[in-house]
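I opened this notebook to keep a record of what I looked up, entry by entry, in the structure shown below.

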Amino acid sequence: MKSSTFLVTAADDETATLRDVVDQQVVTLSENPGLAADEVIEATVEPEPPLEVAYQIVEIERQWEIPVERSPESPTTLARDIAAEQADGEITTRERAGEGEVHVLTVPDAEAAADDVLDDDATRERAARLGLDRVSVRAGDGVVSVRYLPN
C-alpha cells in the first residue's frame with residue numbers, strides 16, 4: 001500500500017494514470033473511479049494481485065483541481081527587484097507572506113517562459129506537493145513570477 005498525493009496525468013472511462021508528486025512514481029489504475037486528467041488526489045493505492053502491475057484505489061482523502069492561470073497583471077515590484085539582482089536563467093524561491101511560495105525567474109523572453117510554465121505538469125505538481133490550490137503566472141520585461149497560492 002502507498003499513501004501520497006498524485007497528479008492524474010491521463011484518464012478515460014476505464015482507467016487512469018497517476019504520478020506521485022513526491023517521488024514521481026507512475027501508477028496505472030485498473031479502474032477509473034471518476035478521475036479526470038489534471039486533477040490532484042491525496043489517496044492510498046495498492047497493487048492488484050496476482051501480477052501487481054496495475055493498482056486500485058483503497059481510499060481518496062481529498063480530490064481537487066489546481067488551476068494554473070496566466071494573470072494579466074505584471075510581476076510585482078518585489079519580483080522585479082529580485083529579478084534585477086540575478087542573471088538571466090536564474091530563479092529565486094521565496095515564501096509568501098502567509099501561505100505559499102513565489103518563484104521569480106529572470107529570462108530573456110518572459111512571454112515564452114510564462115507559456116512554458118503554464119504547460120509544464122511540474123508547475124501543478126509543485127502546488128500539489130505544497131498542498132496549495134492554485135497557481136498564478138505573471139510575466140513582463142524579462143521577469144516571470146510564479147505564485148503558488150491557497151484558495
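Which residues is T5 in contact with, once its neighbours within four places in sequence are left aside? Working on what is a predicted model, I found that T5 is in contact with R19, D20, V21, V40, I41, E42, W64 and A128. I placed T5 in strand β1, and I noted it as buried because its relative accessible area is 14%, where the cut-off for buried is under 20%.

I then turned to V8, which also lies in strand β1, residues 2-11. V8 counts as buried because its relative accessibility is 0%. Leaving aside neighbours within four places in sequence, I listed T17, L18, L35, A36, A37, D38 and E39 as the residues in contact with V8. As a check on distance, I took V8 and D81, which are 73 residues apart in sequence, and read 36 Å between their C-alpha atoms.

Next I looked up W64, which had appeared among the contacts of T5. The charged end of R62 sits over the ring of W64, at 3.7 Å from the centre of that ring. A search for aromatic pairs, run over the whole structure, returned 0.

My next entry concerns helix α3, which spans residues 121-130 and has T123, R124, E125, A127 and A128 as its buried residues; A128 is also one of the contacts of T5. At the N-terminal end of α3 I found D120 acting as a cap, with a side-chain oxygen 3.0 Å from the backbone nitrogen of A122. After α3 comes G131, and the phi of G131 is positive, near 75°.

Which residues touch the most other members of the largest nonpolar core? In this core of 21 residues, I noted I66, V135, V137, V144 and V146 in that role. At least two residues of the core come from each of α2 (110-119), α3, β9 (134-140) and β10 (143-149), and α2 provides the largest share, with 4 residues. Apart from this core I recorded another, made of 11 residues, among them F6, A16, L35 and V45; L35 had already come up as a contact of V8.

I closed with V144, leaving out residues up to four places away in sequence. V144 touches H103, V104, L105, V107, A110, A113, A114, V137, R138 and A139, and V137 is, like V144, listed among the residues that touch the most other members of the largest core.

How values were computed
Residues are numbered from 1 along each chain as its sequence is written. This is a predicted model: local features need pLDDT of at least 70, side-chain atom pairs count only at pLDDT 80 or more; totals for chains, interfaces and linings use all residues. Side-chain values use heavy atoms; hydrogens and water are left out. Buried means under 20% relative accessible area, exposed over 50%, partly exposed in between (1.4 Å probe, protein chains only). A polar contact is a pair of N or O atoms within 3.5 Å; within protein, one must be able to donate a hydrogen and the other to accept it, and residues adjacent in sequence count only if both atoms are side-chain atoms. A nonpolar core is a set of buried Ala, Val, Leu, Ile, Met, Phe, Trp, Tyr and Cys residues joined through side-chain atoms within 4.5 Å. Contact means heavy atoms within 4.5 Å. Rings of Phe, Tyr and Trp (its six-membered ring) pair if their centres lie within 6.5 Å; planes under 30 degrees apart count as stacked, over 60 as edge-to-face and the rest as tilted. A charge sits over a ring if NZ of Lys or CZ of Arg is within 6 Å of the ring centre and within 35 degrees of the ring normal.
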